[in-house]
Amino acid sequence: MLLIVDFGSQTAHLISRRLKDLGVPTTLVDPDDAYEIAQKEKPAGIIFSGGPASVYEKGAPTITKKIFSLNLPILGICYGWQLMAQLLGGEVKPSNKEYGPTELTIKDFHTLFYGIPTTSKVIESHGDTVMKQPKGFVVLGSTETVKYAAVGNEQTKMYGVQFHPEAHHSEFGTEILKNFATRICNVSLKPQELAVDIMITEIKEKVGRKKVIGAFSGGTDSAVAGALVAKAIGKQFIPVYIDSGLMREETLGRIKTVFPKVLGVPVKVINARKEFLERLKGVIEPEEKRKTIGKLYIELFEREMKKHKDVKYLLQGTTYADFIHSQGSKRSAHIKSHHNVGGLPKEMKLKLLEPLRYFYTDQVREIGTKMKLPKDIVFQQPFPGPGHAVRIIGEITKERLAKQVQADMIVVEELRKANWFDKIFQSWSIMTNINSTAVKGDGRFYGEVVAIRIVNTKDRMSAEWVHLPYEILEKISKRIVNEVPGVSRVVYDITTKPPATMEWE
Ligand code: XMP
């Protein structure tokens, strides 16, 4: 639990709200009671909120210095930081009043600012400034006018920020609060019972009577995000599924049958199978495949959106991992270009609604479970955005896609039958575009080699091939060569990542 000491600002509640959304329990207390409660409740850390007073004014709210002797991490925000500075021997003076957005430049990315860009927008609202910081503190970030905009003492785990991370328009404010909770106070995030209710209420409040459109991929993240929104705003939500024909067939089945039940709103299915195949004609290079698919996906989505006039928000199932990845990795940026309908024309003026932005996959699954979504949606294998297209080496034709769909489903079925499907991270077949000789019936047969890839991974950065019992591999192989037309041979990929990537393309 984190203790939030309320020095009189409205934002004290916002700090609490942000942390609760992240799954951090909080208790809001009056400064006069803070020390006693901290002694009794043993919080993981303390946050001093902002407040309207000036620390040097008579009667300004203060706190006993004994609070520092508890050796707990403390984050002071605005007035909270100024008070901390004053009590610890620094100096606070009136300064030019500053209200609104300003640019923070970070100098130390260690703890409080981990994973945050060097410059970002923060909201300041103060008339006083710390002129001299207390002993032991170092500057972690500054704005043009405020030298001590962010400071810290790594030894005592005390930090101060002049701006308001809890304010919605502080670009990376939630990340800063999250870093304080997880990296400094060592709180592990667990969405509580309450978090789901709060998320739903927040969506409701934010959206009002407007409409939200959202594209489903059929995967866990978009399903959970969709369920939250559907629960919050019901029929104001327009869920759309673009059927490229490149996903597992069971995904479309779920979209048509399970999702309307789960969401309480029908999903609009756009059948674009023909268009995808046409666009992919002659496309061989993997990245070009990805781009072609991403582009058409956006085009189709735009076409659909134009049909709905009063839509204000675009729902996205972005998770914290997507968000972090897209900052550093070029590859993730590609990955996102498929799902993340980032290339939408400006005149549409859609705002993004990303209810899962601060949650990791396991938390998303926990939310899904709490919402009683079917297990096979919440715990399904991730499937790449471009789907089977990057699992068919060479050109994608209707026939080769049909072969891939069938072979892939055999892998799924056999793993399910043997109770292995849920134990592994991902499994699939690959059309290798290599022919080999076989004997079928009495004649020579020259057909395609199908590879099987089954991997486990913790973080997707590295992966190991699964040591599957031979009997299961045997069944998979037998079924594929017998049932899928044009296949001569089945091989098992026994390469780790690195050096090989998980996908062949
Ligand atoms: P690699 O092949 O990079 O795959 O080792 C790591 C993980 O990312 C998935 N992957 C993708 N997901 N769009 C996606 O949405 C893509 O273009 C893409 N490429 C790879 C892959 O399935 C594995 O889980």
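**Notes on a predicted model: helix packing, aromatic pairs and unusual backbone angles**

1. The chain contains 15 helices and 18 strands, and the reader should keep in mind from the start that the model is a predicted one. Along its principal axes, the C-alpha trace spans about 100 × 50 × 40 Å. Of the 505 residues in the chain, 54% are buried. When contacts with a separation of 6 or more are considered, 75% of them are between residues 24 or more positions apart.

2. A first place to look is the packing of helix α1, which covers residues 11-22, against helix α4, which covers residues 173-184; their axes lie 10 Å apart and the packing angle is about 70°. Because angles from 65 to 115 degrees count as roughly perpendicular, α1 is described as roughly perpendicular to α4. The crossing in which α1 passes α4 is right-handed. On the α1 side the contact is made by Ile15, Arg18, Leu19 and Leu22, while α4 contributes Thr174, Leu177, Lys178 and Ala181. Sorted by class, the residues in this contact of α1 with α4 are 5 nonpolar, 1 polar and 2 charged.

3. A second helix pair is formed by α6 (residues 220-233) and α12 (residues 361-370), whose axes come within 10 Å and cross at roughly 45°. The two helices, α6 and α12, are therefore oblique to each other. In this case α6 passes α12 in a left-handed crossing. The residues that make the contact are Thr220, Asp221, Val224 and Leu228 from α6, together with Val364, Arg365, Ile367 and Gly368 from α12. By class, the contact of α6 with α12 divides into 4 nonpolar, 2 polar and 2 charged residues.

4. Turning to aromatic rings, the count for rings whose centres lie within 6.5 Å comes to 7 aromatic pairs. One of them joins Trp81 and Phe137, with 5.9 Å from centre to centre and 35° between the planes, and this pair is tilted. Trp81 belongs to helix α3 (residues 79-87) and Phe137 to the loop between β6 (119-132) and β7 (138-142), so that the pair links distant parts of the chain, 56 residues apart. Are these two residues buried or exposed? Since buried means under 20% relative accessible area, Trp81 is buried at 0%, and Phe137 is buried at 7%.

5. Another aromatic pair is that of Phe216 and Phe237, which is edge-to-face, with 6.5 Å from centre to centre and 65° between the planes. This pair, too, links distant parts of the chain, with Phe216 in strand β10 (residues 211-216) and Phe237 in strand β11 (residues 237-243), 21 residues apart. Both Phe216 and Phe237 are buried. Elsewhere, Phe7, Phe48, Phe68 and Tyr79 form one aromatic cluster.

6. His388 deserves a look of its own, and can be found in the loop between α13 (375-378) and α14 (398-417). With a relative accessibility of 1%, His388 counts as buried. Which residues does His388 touch, not counting residues up to four places away in sequence? They are Leu246, Met247, Arg248, Phe383, Leu401, Gln404, Val405 and Asp408.

7. The last points concern the backbone, and here a general expectation helps: most residues other than glycine have a negative phi, and most peptide bonds are trans. Asn186, although not a glycine, has a positive phi of about 55°, and lies in the loop between α4 and α5 (193-207). Asn419 is also a residue other than glycine with a positive phi, near 60°, and its place is in the loop between α14 and β15 (426-440). Asn186 counts as exposed at 58% relative accessibility, and Asn419 counts as exposed at 59%.

8. The peptide bonds should be checked in the segment after β18 (487-492), where Pro498 has its place and where Pro499 is found as well. The bond that joins Lys497 and Pro498 is cis, with omega about -15°. The bond that joins Pro498 and Pro499 is cis too, with omega about 10°.

Notes:
Residues numbered from 1 in each chain as written. Predicted model: local features only at pLDDT ≥ 70, side-chain atom pairs only at ≥ 80, totals over all residues. Heavy atoms only, no water. Axes fitted to C-alpha atoms, helices over the stretch in contact; angles between N-to-C directions. Helix = DSSP H or I, 4+ residues; strand = E, 2+ residues; numbered from the N terminus. Parallel < 35°, antiparallel > 145°, perpendicular 65-115°, else oblique. Left-handed = near helix turned anticlockwise from the far one by under 90°. Contact = heavy atoms within 4.5 Å. Nonpolar A, V, L, I, M, F, W, Y, C, P; charged D, E, K, R; others polar. Phe/Tyr/Trp six-rings, centres within 6.5 Å; stacked < 30°, edge-to-face > 60°. Buried < 20%, exposed > 50% of the residue type's maximum accessible area, 1.4 Å probe, protein only.
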